[in-house]
Amino acid sequence: MTEPIAVKFSKSLPKSAKTLIIPVFEDAGFPGLDIVDEELKAALKMALKQASTFESKLGQVLSVPQAREDWPHRVLFLGLGKAEDFTHLKAEEAGGKLTTSIKKGDKAPVLLFDDIKAAHIAAGIVLRNYHFIDYKSKKDDDKAAKLEQIVVASDESTAAKKHFEADILPIIEGTFWARDLVNEPPNALYPESYAARIKDTLKPLGVQVEIIDAKKMEKLGMGCALAVGQGSDRPPCMVVMKWNGQNKAKKSDQPIAFIGKGVTFDTGGISLKPGAGMDEMKMDMGGSAAVVGLMKTLALRKAKSNVVAMVGLAENMPSARAYRPGDIITSYAGKTVEVLNTDAEGRLVLIDALAYVQKTYTPKMMINLATLTGAMMVALGHEHCGSYVNDDELWAQMDQSGKRTGEKLWRMPLDEAWSKDVESDVADLRNLGKGGRYGGANSAAAFLEHFIEDGVKWSHMDIAGTAWRKSDQPTIPKYGSGFGVRVLNDLVKTHYES
Ligand code: BES
Ligand code: ZN
Ligand code: ZN
């Protein structure tokens, strides 16, 4: 488990400070730092003046080594760009970009910034400073920064501390957990062990957790999710989570629901994937990781909302017992599905969860997340998450949350034509669109849409391109990104709390 480094807040400059981080705006010159004495201020001003190449662009860093004996050891000037453009997202980006400049030995740098956005600069540092090193035998072998904590010294330290601890830290913790789960190797994280982890983590936080094992799935008739898992020695399961945080005084509403694809490893099954890069298919549970990470965040910040979540966990393996192309299977909802490609398994796991949640909890709004199609990556790349939404108001809310959190969404089409594209000649539906590769993300979404009941506001977020990054981003180190926790937490907070 990766713990975020500690962020401390102080009204004064700690005596022990060895590295000072001094944010500077492009157009505002040297920042007014009330907590720094005049002498130090003058010295910092001089150092900044002498550095002609430093333009204070967002995330630009100027490192000034110790110049005088009574100085802190090092000063890092951090560019913030233009003051009028400086949003909390820019603050996070600047913090993230700074992280690589904080080298070994600087275990507790001090950030001096007289603004509540200091909390977001710190958040950026913490988010970028995630390292998945559970499987390294030498933990300090890691080349990256060995930070232990960040101290924010600020006039606004009380407000910044409150904001950080109440609003930001729960998001970081949910995101880190989601990243950890995605980064876990598939020999350690398989349906049963994953379900146990979910229970062990969320139950103590007050989330009700119910594991529906394969036997119970059979009784319930979840034929599609079972088919996906049947080739594996590790049986599939489903996990249902409930957070009842709604203000009791208010009328208890229908819940909102989040559903995640949790294919702990996707070989493609009998429709086997090519070998190169197959290791990355350990991330095929990224949708479920975002969902359970979100539940952690909501519970940590005691969200005043009633939320149901469900993840479908299965390992897609080829074997003598595996499901085959040509099989016709029956879903929990009763509709039959002709399997034409065993690698289009995510939709089969999802439909049983979607149908179960609707039947059992009648949610007023439901969002599923899944690393569903390679086609989505082809369409949108890694920057945006393609989102299918059957309600304009819900889309408007999601779009806003995407823009506010930097987890960007892009609306994709749901259309009658795509719904027809997944109708089968011999069963109700087929798990592969007739168009084959073309529009593959759209036919996958249309397949799911067949299982959405009338009146339910629903979105399918295909996070195939965003759940896993192959290169470092300002606030996301490469590999599991935790995508989804931030945007959905914002959505719940802004529109679904009483
Ligand atoms: N898990 C994959 C989709 C995926 C691919 C996610 C790459 C992340 C990165 C999914 O189960 C899959 O294999 N989909 C097929 C569907 C096709 C057979 C209709 C695909 O995208 O090729
Ligand atoms: Zn697949
Ligand atoms: Zn898959």
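This passage describes the surroundings of ligand 1 and of residue D155 in a predicted model.

Ligand 1 sits in the largest pocket of the protein, and the residues around this ligand number 17, of which K273, D284, D343, E345 and G374 come nearest. Two elements of secondary structure, strand 9 (256-266) and helix 10 (374-380), each supply at least two residues of the shell around the ligand.

Polar atoms of the protein approach ligand 1 from both side chains and backbone. In the side chain of D343, which is also among the residues that come nearest to the ligand, an N or O atom is found 2.8 Å from an oxygen atom of ligand 1. For K261, a polar side-chain atom lies 3.2 Å from an oxygen atom of the ligand, whereas in the case of L372 a polar backbone atom is 3.5 Å from a nitrogen atom of ligand 1. Taken on its own, ligand 1 has 520 Å² of accessible area, and the protein covers 83% of this area.

Attention now turns to D155, which is placed in the loop between strand 6 (149-153) and helix 4 (157-183). The relative accessibility of D155 is 33%, and this residue therefore counts as partly exposed, since the value falls between the limits of 20% for buried and 50% for exposed residues. When residues up to four places away in sequence are not counted, D155 touches K11, D34, I35 and D114. A further relation links D155 with S12, as these two residues are 143 residues apart in sequence, while the distance between their C-alpha atoms is 8.0 Å.

How values were computed:
Residues are numbered from 1 along each chain as its sequence is written. Chains are lettered from A and ligands numbered from 1 in the order in which they are written. This is a predicted model: local features need pLDDT of at least 70, side-chain atom pairs count only at pLDDT 80 or more; totals for chains, interfaces and linings use all residues. Side-chain values use heavy atoms; hydrogens and water are left out. Helices (H or I, at least four residues) and strands (E, at least two) are DSSP runs, numbered from the N terminus. Buried means under 20% relative accessible area, exposed over 50%, partly exposed in between (1.4 Å probe, protein chains only). Contact means heavy atoms within 4.5 Å. A residue is near a molecule or strand if one of its heavy atoms lies within 4 Å of it. A polar contact is a pair of N or O atoms within 3.5 Å; within protein, one must be able to donate a hydrogen and the other to accept it, and residues adjacent in sequence count only if both atoms are side-chain atoms. Accessible areas come from the Shrake-Rupley method with a 1.4 Å probe; for residues, only the protein chains shown count as cover. On a 1 Å grid over the protein atoms alone, a cavity is a set of points where a 1.4 Å probe fits but cannot get out, and a pocket is an open set with protein on both sides within 12 Å along at least five of seven lines; lining residues have an atom within 4 Å of a point. A molecule sits in a cavity or pocket if more than half of its atoms lie within 2 Å of its grid points.
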